[in-house]
Amino acid sequence: MTSDVVVTDHRNAFAAVPFTRLLGVQREFSRDGRARFVLDARPELENVIHAVHGGVIATLLDVAMASAAVSKVDFAMTAVTLGMNNSFLHPGRGRLTAEGEVLAVDDGIASCRAHVVDDAGRLVAQAQGSFRYLPHR
């Protein structure tokens with residue numbers, strides 16, 4: 001059984017995504033082609049070296065870029081990931097902060113970049129991605 005979540009204010013669509021709620025991702029802001037999200041590490045998100053799993057970090061990067069992309073068009077459209085290239089540089093522990101930004105928009109595709117840092121400001125991961133704008137469902 002699937003349930004469709006109806007969102008009337010597209011600025012708050014992020015809060016309706018079950019997967020990011022499950023992970024505990026919190027949005028600090030999303031405006032003018034930039035976005036910031038935070039995530040507090042917890043045991044159920046860890047990998048074998050007791051750091052936040054790379055899949056969770058990749059999700060943070062993806063969400064930060066997609067949110068930056070939709071804020072660039074004032075949330076009039078949604079954005080889906082076409083491609084993303086990640087680099088993992090240090091284990092992510094504690095509170096992680098992801099920041100994303102739009103680099104360019106051309107023919108309905110936003111080119112973005114993002115990075116994740118830990119509380120000490122150490123670069124945990126970075127990514128570049130492309131996102132296609134689509135109308136809201």
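**Warm-up.** In the hairpin of β4 and β5, which residue takes a positive phi?

*Solution.* Look at the turn of that hairpin, where 2 residues lie between the strands. Asp107 is the residue with a positive phi, near 55 degrees. Keep in mind as you work that this is a predicted model.

**Exercise 1. Take stock of the elements.** Find how many helices and strands the protein chain has, and in what pattern they follow each other.

*Solution.* Start by counting: there are 2 helices and 6 strands. Next, walk along the sequence, and the pattern reads α-β-β-α-β-β-β-β. Helix α1 covers residues 18–23, while helix α2 spans residues 54–72.

**Exercise 2. Put the sheet in order.** Work out how the strands are arranged side by side, and which of them stand at the edges.

*Solution.* Step one is the order: the 6 strands form an open sheet that reads β1-β2-β4-β5-β6-β3, with antiparallel pairing. Step two is the edges. β1 (26–31) and β3 (78–88) each have a single partner strand, so one side of each has no neighbour in the sheet. Step three is the turn between neighbours, which averages 20 degrees when direction is ignored. As background, strands of a sheet pair through backbone hydrogen bonds.

**Exercise 3. Follow the pairs.** For three neighbouring pairs of strands, give the number of bridges and one pair of residues that stand opposite each other.

*Solution.* Take the pairs one at a time.

- β2 (residues 34–40) and β4 (residues 95–106) pair over 7 bridges, and here Ala35 stands opposite Gly100.
- β4 and β5 pair over 9 bridges, with Ala104 opposite Ser111.
- β5 and β6 are joined by 9 bridges, and Val116 faces Ala125 as its opposite residue.

Now visit the hairpin of β5 and β6. It has 5 residues between the strands, and Gly121 takes a positive phi near 85 degrees there.

**Exercise 4. Place the second helix.** Which strands does helix α2 lie across, and at what angle does it run to β6?

*Solution.* Trace α2 over the sheet: it lies across β1, β2, β3, β4, β5 (109–117) and β6 (123–134). Then compare directions, and the angle to β6 comes out at about 45 degrees.

**Exercise 5. Two residues in a loop.** Asp74 and Phe75 lie in the loop between α2 and β3. Describe the phi of each residue, and decide whether each is buried or partly exposed.

*Solution.* Begin with the backbone. Most residues other than glycine have a negative phi. Asp74, however, has a phi near 55 degrees, and Phe75 has one of about 65 degrees. Now turn to accessibility, where buried means under 20% and exposed means over 50%. Asp74, at 47%, falls between these limits and so counts as partly exposed. Phe75, at 9%, is under the lower limit and therefore counts as buried.

**Exercise 6. Look at the surface.** Find which residues make a nonpolar surface patch, and check how accessible Phe19 is.

*Solution.* The patch is made by Val17, Phe19 and Leu22 and has about 290 Å². Phe19 lies in helix α1. Its relative accessible area of 45% makes Phe19 partly exposed.

**Exercise 7. See the whole chain.** What share of the residues is buried, and how much area does the protein chain expose?

*Solution.* Of the 137 residues, 37% count as buried. The exposed area is about 7,800 Å², of which carbon and sulfur atoms supply 52%. To finish, consider contacts with a separation of 6 or more: residues 24 or more positions apart account for 62% of them.

Technical notes. Residues are numbered from 1 along each chain as its sequence is written. This is a predicted model: local features need pLDDT of at least 70, side-chain atom pairs count only at pLDDT 80 or more; totals for chains, interfaces and linings use all residues. Side-chain values use heavy atoms; hydrogens and water are left out. Two strands pair if DSSP finds at least two bridges between them. Helices (H or I, at least four residues) and strands (E, at least two) are DSSP runs, numbered from the N terminus. Axes are lines fitted to C-alpha atoms, for helices over the stretch in contact, and angles run from 0 to 180 degrees between N-to-C directions. Contact means heavy atoms within 4.5 Å. Patches are made of residues with over 30% relative accessible area and no salt bridge: like charges are joined within 9 Å, nonpolar side chains (Val, Leu, Ile, Met, Phe, Trp, Tyr) within 5 Å. Accessible areas come from the Shrake-Rupley method with a 1.4 Å probe; for residues, only the protein chains shown count as cover. A salt bridge is a side-chain nitrogen of Lys or Arg within 4 Å of a carboxyl oxygen of Asp or Glu. Buried means under 20% relative accessible area, exposed over 50%, partly exposed in between (1.4 Å probe, protein chains only).
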